[in-house]
Structure formats: C-alpha cells, structure tokens
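Biologist: Before I take any label on trust, I would like to hear how each one is justified. Could you show me the model and go through the reasoning with me?

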Amino acid sequence: LRQASETKSRFLSHMSHEFRTPLNSIRSLASMLASHLDGPLSAEQQRQVEYIRRGADALLEMVDDLLDLAKIEAGKVELNPAELTVAELFATLRGMFRPLITSDAVVLRFGDVSGIQSLCTDESKLSQIMRNLISNALKFTERGEVEVTAKALPDDRICIVVRDTGIGIPPEHLNSLFREFVQIMNPLQKSAKGTGLGLSLSQQLAVMLGGGIEVTSSVGEGSTFTVTFLRDLRPAPEQIHRPVEAPSRSLNETPVVLIVDDAEADRYALRILMPPSCEVLEASGGLAAMDHLARRLPDVVFLDLAMPDMSGYDLLTAIKSAPDTRDVRVIIHSSQKLTGELRADLLDRGAESIIEKGYTDIETMRRRVAEVIDCSDPAAHWKEH
C-alpha cells in the first residue's frame, strides 16, 4: 500500500508539471489574442478566445490542486512562517473577493479582529485555505450573507469561522466532505462546478499548520466551516540572498536576448513580448544555448528550468561561473511552482528574477520585459514577478 501510494504521488507530481507547460502556453496565447496584438477580433472570435482562456484556467487550477496534494502526500511541502496579522489577511481577502460579488442578494462580511495578536504562520497556505472556503460559501449561497470571523483560543491557537446562509449540506454527506474528488449533488452544482479537491487540500494544509477544519450544516439554512491553526509556528531558517549586481551597460550596441526553452509555443509567446529594438535568439535546450553563448554573448537570457538535455539549474550555474558569461543577466521563465527554498537557491546561483509562465496581463508583461532588457538596473524594477 505504501509503495502504491508513493507511485501515485510521483505520477501526480510528474504529470502535473507536464500538464502545466502546455496549459500556460494556452493561457498566454489566448491572452495575446484577446489583447488584439495581431489585429482586432470579431465579437464571436472574442467570445471563443474567452472560452479557451476560461477552460485553461479551470484545468490549471485542477492541476495545481493535484500537484499540491501529491507534494503533501510525499512529504515535500515546506512551511515558510512569517509575521502577519489576521486584519491584514482579512484585508487581502476582502479586496480579492470584492470584484467577484456581482449580486446585491449576497453580502460578504468580515468581522473585527483588531484584538487578536500577530501570527507567525505560513501566510500562503492559510490564504489558500481561506480562498477555498470563502469561494465555496459564495458559490452555494444564493441570498443572504457570508460572514468571516476570527478569535483566539486558549491553547495558543487561532480559529477562523466562515459562516454562510446557503443551501446547506445533508448530514449523511458531512463525513465524506473532505475526501478527494467528492462533489455533493445539489441544485446549484451545475452552475458551481469544481474539482472536488479544494476541501481535501484545505484540510491537509490546515493539519500542516497545526490544526484542522470542522463543519456544521443544516439543509436550507447554511453551513459553518471552522479552521483552527497554531498561532506560532517554528520559524524557518533564515535565508540570505546574495545581491546580484547588474552590469552598468549593455554588452551589445543593440540588446540581444536569448530565449532558452524546449517548448516552441513558450518561446513564441515570449518572443512576441520583446521590444522591436532588440535582437532575439532562440535555443531549444541547454546544450544549444551553450553553443549560442560561445558564438555570441547576449545581454539577457530567459531560461526555462525543466529541459531534457540540460536543466536550467545547471545552465544557470554554468553561465554564472564562467568569466566570459557571468555578467549576462538571467531571468528564470518557468511553469514550475517554486517553493521559497528553490527561489532562494536560484537567486543565490545568480538569477536576477523569476517569472511564472501563464501570464494573462500582456501589456504589463511587455513593459516588464522592456524594463529588464533596456534599463541598467533591472533589479530595481523586477523583484518576484
């Protein structure tokens, strides 16, 4: 059983990454079409592109959940505790969900938490839990309210309560609610589709934070989900980043950019974003990139991490360790979900910044690409996009 579980986790982890690469390409290319970079679209074409983008978003959300579950089962999820307050968390959630409430029939309320002390927990994982619970509450509440409150418990734990006045959950389904791929049939299911992974993932994340999730519900009256977690987690080891000094001038009269990626669609999507003033070279792998570097030195390298012949990690190390290429600016351009430790490792190896594939704000990305290529101190413009 243990071997079967480990095999499943390895399969999910590997395939999740393999799915992310084409899905991010679809998202980026659909966003380019929707932005009319190559000319206007008809109203019908615009609608078709939007359907493509929404489908890719839904699939990517499912892949991310599967990848997170595989990492948890494999014991490879890292906690990155940091100081924050519940008030700050609520403010972020309030701003995130405000545009999603399009009906006056449902009100989202956040309670006063000014009396709760600061926390030391993994903000990313706690936010992921709360996003799942609040979005579920909004999905299954046609009228009334969704209320989010918090309080300190006497055993050095915090609890956050999400209460809604929605359709409720039958008592016979409460025990199976946190199982993977479980979706309870109800009148709103057709309009509120999901993967059946959100609650299972949230429960496992809550356990990692030193607590768990409990639920009470009455059909026709609503549901209450209570998340508990430790107020203080053991702090993560301090990570020291060596600053990367950018060269004060371009290495070429005309900026030269080398895009290194084994996915042709991703190279194409990135090339489209390049300013017309620069020269763009392409390499389909790490070894081909080494050939380019030997023949002509680029100013900037956009580097994918997962490539079959030579990984991006090894190529980054080779570029930064050689005297002839150490001044070349390297931007990581990857579909991998990088942990804090991996990000720190890439920055320590000499990468200047990290960009996740699958961006949808095309104009913002074009500006950032132009900044990193043309400015003398790109680190002042690009931090952790």
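Modeller: Keep in mind that this is a predicted model. A good place to begin is strand β5, residues 157-164, where six of the eight residues are buried.

Biologist: What makes a residue of this kind buried rather than exposed?

Modeller: The label buried is given under 20% relative accessible area, whereas exposed requires over 50%. Six of the eight residues in β5 are buried, and the strand is therefore described as mostly covered. For the protein as a whole, 45% of its 385 residues count as buried.

Biologist: How do you know that β5 pairs with β4, and in which sense do they run?

Modeller: Pairing requires at least two bridges between the strands. Strand β4, residues 144-153, is joined to β5 by eight bridges, so the two count as paired, and they run antiparallel. One of the bridges sets Leu153 opposite Arg157 of β5. Three residues lie between β4 and β5 in this hairpin, and in the turn Asp156 has a positive phi of about 60°.

Biologist: Which other strand pairs with β5, and over how many bridges?

Modeller: Strand β7, residues 222-230, pairs with β5 over seven bridges in the antiparallel sense. With at least two needed, the seven bridges are enough, so this too is called a pair. Here Cys159 stands opposite Thr228 of β7.

Biologist: Since a cysteine has come up, how many disulfides are there?

Modeller: The count is zero. A disulfide would need a pair of cysteine sulfur atoms within 2.5 Å, so the zero means that no pair meets that cut-off.

Biologist: Why are Cys120 and Cys278 called buried?

Modeller: Cys120 has a relative accessible area of 9%, which is under 20%, and therefore counts as buried. Cys278, at 11%, is under the same cut-off, so the label buried applies there as well.

Biologist: Turning to the helices, how are α4 and α5 arranged, and what makes up their contact?

Modeller: Helix α4, residues 123-139, packs against helix α5, residues 198-208, at an angle of about 145°, with the axes 9 Å apart. Lys125, Gln128, Ile129, Asn132, Leu133 and Asn136 of α4 make the contact with Gly198, Leu199, Leu201, Ser202, Leu205 and Ala206 of α5. By class, the residues of this contact are six nonpolar, five polar and one charged. The crossing of α4 past α5 is left-handed.

Definitions and conventions. Residues are numbered from 1 along each chain as its sequence is written. This is a predicted model: local features need pLDDT of at least 70, side-chain atom pairs count only at pLDDT 80 or more; totals for chains, interfaces and linings use all residues. Side-chain values use heavy atoms; hydrogens and water are left out. Buried means under 20% relative accessible area, exposed over 50%, partly exposed in between (1.4 Å probe, protein chains only). Axes are lines fitted to C-alpha atoms, for helices over the stretch in contact, and angles run from 0 to 180 degrees between N-to-C directions. Helices (H or I, at least four residues) and strands (E, at least two) are DSSP runs, numbered from the N terminus. A crossing is left-handed if the near helix is turned anticlockwise from the far one by less than a right angle, and right-handed if clockwise. Contact means heavy atoms within 4.5 Å. Ala, Val, Leu, Ile, Met, Phe, Trp, Tyr, Cys and Pro count as nonpolar, Asp, Glu, Lys and Arg as charged, and the others, Gly among them, as polar.
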